[in-house]
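User: I'd like to go through the labels on this one and see what backs each of them. Can you take me through the reasoning?

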Amino acid sequence: MNSEALLNISSTSLYAAFILYLIAILPFSASIKAKSKKSEKIGVTLTIIGFIMQIIYFITRWMAAGHAPVSNMYEFLTMFGIMMVGGFLVLYFLYNTPILALFSLPIAMLVIAYASMFSRDVSPLIPALQSNWLAIHVITVTISYGILSVSSVAGLIYLLRYVDANEKSKDAFWLEVVMFFITLVIVFIITTIIMKGIVHYQEDYYYIDKNGKETIAEYHLPGLVTFDESKAVVKVKGTKQDYQEVKRFSTGIQLPPVINAQKLNTVLWSIIIGTIFYGLLRLILRRTIFSIVKPLTNKVSLQLMDEICYRSVIIGFPLFALGGLLFASIWAQIAWSRFWGWDPKEVWALITFLFYAIFLHLRLGRGWEGKKSAWLAVVGMAIILFNVIAVNLIIAGLHSYA
């Protein structure tokens, strides 16, 4: 079977998994109030089939590319989505908790949808990536991310169940802040999908990148921030020069190439649109988002959610230490002849490691169980998302993905 056929199977399998997860949410939702477990079993069956389809995607893309499909943003995010679903399934069969599906599956679907906005082309690996340690490092890290993400989901469910929506308290305020930021993340992904994948909006800017090379940046939203000394251009067919300079609205805010102004521009627009969207929701519903979501958790056991939250970190933390620090250091020595270089991604990996080390210290040494542990798990998810989105995309470094 040739590479093109394998890639077709791969992309079809991933699309099928997305559809199956979407359908699975319905029986999982019905299972919350149902007395029998029929709906729950249907949801789990669909999720397992979807997970198998994702594994088929991963294997067939590996066969087509000739290397582990973890070398660009599309592959990394898709792998992250696989591990989130895998983490959910493991914890579901350990603790029989269908409520996790209503939070884990939508997040996994958003990650898969967001991944589809990046290039799906299979390219030969650059010399620095031609190592088995690439697959070992990235796969181990994504497994740990998937498990730690489920920990965060359990922590969020715990807080939704624990905090009283009818009382004004610090917990209620900060939980609504979490809902606000979740709204921003969802809007960020949906905005990217609509403007790039559906509307096909594009603005081109010519600039000199951090390596001194002439580069064209493709914007899929109006440019609020651009690269330093960049010029607005438009592609012209039938001329000797591919691009021609044009006049375009500009805020005048220009950033050095060390910051990916193109991706930061999308984030800024998402914050603006997301804030407006959140405000409209509050005006229409006249209730907090937290109070609307809370009824889903009415039958949840706080003790069980606390247990899942803690156990997930116990499993995920050592895996992250192995993949994110130890295996990464070995690969860095092979690729760049140094174990550590204070690259933005390396720094944030260290921050993530220290955060979960503190989490376990507070949990085991200071007795931070229940609500305090749940809040730490939610903060952990914010750290992971910042690492995956902001550090990978906005801050230029050796680990920046295409």
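Analyst: Sure. This is a predicted model, and the salt-bridge count comes to 5.

User: What makes Glu75 and Arg61 a salt bridge?

Analyst: Their side chains come to 2.8 Å, N to O. The cut-off is within 4 Å, so the pair qualifies. It links distant parts of the chain, with Glu75 in helix α3 and Arg61 in helix α2, 14 residues apart.

User: How do you know whether Glu75 and Arg61 are buried or exposed?

Analyst: Buried means under 20% relative accessible area. Glu75 has 2% and Arg61 has 3%, so both count as buried.

User: And what about Lys371 and Asp171, why is that pair called a salt bridge?

Analyst: Those side chains meet at 3.0 Å, N to O, which is within 4 Å and therefore fits. Lys371 sits in helix α11 and Asp171 in helix α6, so the pair ties together parts 200 residues apart in sequence.

User: Why is Lys371 called partly exposed, while Asp171 is called buried?

Analyst: Lys371 has 27% relative accessibility, which falls between the 20% and 50% cut-offs, so it's partly exposed. Asp171 has 18%, under 20%, so it's buried.

User: What makes Leu283 exposed?

Analyst: Exposed means over 50%, and Leu283 has a relative accessible area of 63%, so the label holds. Leu283 is found in helix α7 and is one of the residues making a nonpolar surface patch of about 740 Å². Helix α7 gives the most to that patch, with 7 residues.

Note on methods:
Residues are numbered from 1 along each chain as its sequence is written. This is a predicted model: local features need pLDDT of at least 70, side-chain atom pairs count only at pLDDT 80 or more; totals for chains, interfaces and linings use all residues. Side-chain values use heavy atoms; hydrogens and water are left out. Patches are made of residues with over 30% relative accessible area and no salt bridge: like charges are joined within 9 Å, nonpolar side chains (Val, Leu, Ile, Met, Phe, Trp, Tyr) within 5 Å. Accessible areas come from the Shrake-Rupley method with a 1.4 Å probe; for residues, only the protein chains shown count as cover. Helices (H or I, at least four residues) and strands (E, at least two) are DSSP runs, numbered from the N terminus. Buried means under 20% relative accessible area, exposed over 50%, partly exposed in between (1.4 Å probe, protein chains only).
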